[in-house]
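Okay, thanks for coming, everyone. I'll put the chain up on the screen and then walk you around it.

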Amino acid sequence: MKQMRLTGVLEKEGDGFCSYCPQLGVASQGDSVEDALANLKEAVELFLECASPSEIEERYRPEVFVTQFEATYA
């Protein structure tokens, strides 16, 4: 079995949460943070099982950085 270490970005939206894997461009959602992350993992695993190796290679973006910064505005 192969494994990939990926990033999950979660955002509150309405009563639930959206989840996104920027390395592969896969998204999902859930009612809680835990649900959204579990659903994202499932969606990514299904993508990896179904996609051809060339599609995975084409979509994979290994250098994704998540950080915070401050912006000044008037």
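Before I start pointing, one bit of vocabulary: when I say contact, I mean heavy atoms within 4.5 Å. And when I give an angle between elements, picture lines fitted to the C-alpha atoms, with the angle running from 0 to 180 degrees between N-to-C directions. With that in hand, look at helix H1, residues 33–50, which lies across S1, S2 and S3 and runs at about 145° to S3. Please keep in mind that what you're seeing is a predicted model.

Okay, the overall layout. The chain has 2 helices and 3 strands, and from the N terminus on the order is β-β-β-α-α. How does the radius of gyration compare with the globule rule? The value is 14 Å, well over the 11 Å that the rule gives for 74 residues, so the chain is more spread out than a compact globule. If you like boxes, the C-alpha atoms fill one of roughly 50 × 30 × 15 Å along the principal axes. Buried residues make up 19% of the 74. The accessible surface comes to about 6300 Å², and carbon and sulfur atoms account for 50% of that.

Now the sheet. The 3 strands make an open sheet in the order S1-S2-S3, with antiparallel pairing. At the edges sit S1, residues 9–13, and S3, residues 26–30, each pairing on one side only. On average, neighbouring strands here are turned by 20° against each other, direction ignored.

Let me take the S1 side. S1 pairs with S2, residues 16–21, in the antiparallel sense over 5 bridges. If you want to follow the register by eye, Val 9 has Tyr 20 as its bridge partner in S2, Glu 11 has Cys 18, and Lys 12 stands opposite Phe 17. As a reminder, in a regular strand the side chains alternate between the two faces of the sheet. The two strands form a hairpin with 2 residues between them, and Gly 14 in that turn has a positive phi of about 65°.

Over on the S3 side, S2 and S3 run antiparallel and are joined by 5 bridges. Cys 18 turns up again here, standing opposite Gln 29 in S3. This hairpin has 4 residues between its strands, and Gly 25 in the turn has a positive phi of about 70°.

Stay on S3 for a second, since Gly 30 lies in it. Is Gly 30 buried or exposed? Its relative accessibility is 11%, and the cut-off for buried is under 20%, so Gly 30 counts as buried. What does Gly 30 touch, leaving out residues up to four places away in sequence? The list is Gly 16, Phe 17, Asp 35, Ala 36 and Asn 39. Gly 30 and Asp 15 are 15 residues apart in sequence, and their C-alpha atoms are 9.3 Å apart.

On to the core. The largest nonpolar core has 8 residues: Cys 21, Leu 24, Val 26, Leu 40, Val 44, Phe 47, Ala 51 and Ile 56. Which element gives the most to it? That's H1, with 3 residues. Cys 21 is a good one to click on: skipping residues up to four places away in sequence, Cys 21 touches Leu 6, Thr 7, Val 26, Leu 40 and Val 44.

Last stop, the tail end. Val 66 is in the segment after helix H2, residues 53–59. At 57% relative accessibility, with exposed meaning over 50%, Val 66 counts as exposed. Setting aside its neighbours within four places in sequence, Val 66 is in contact with Thr 7 and Val 9. Val 66 and Met 1 are 65 residues apart along the chain, and their C-alpha atoms are separated by 27 Å.

And one number for the chain as a whole: of the contacts with a separation of 6 or more, 25% are between residues 24 or more positions apart. That's my tour, so feel free to grab the mouse.

Key: Residues numbered from 1 in each chain as written. Predicted model: local features only at pLDDT ≥ 70, side-chain atom pairs only at ≥ 80, totals over all residues. Heavy atoms only, no water. Pairing = 2+ DSSP bridges. Rg over C-alpha atoms; globule rule 2.2 N^0.38 Å. Buried < 20%, exposed > 50% of the residue type's maximum accessible area, 1.4 Å probe, protein only. Areas by Shrake-Rupley, 256 points an atom, 1.4 Å probe, with all protein chains shown as cover. Core = buried A, V, L, I, M, F, W, Y, C linked by side-chain atoms within 4.5 Å.
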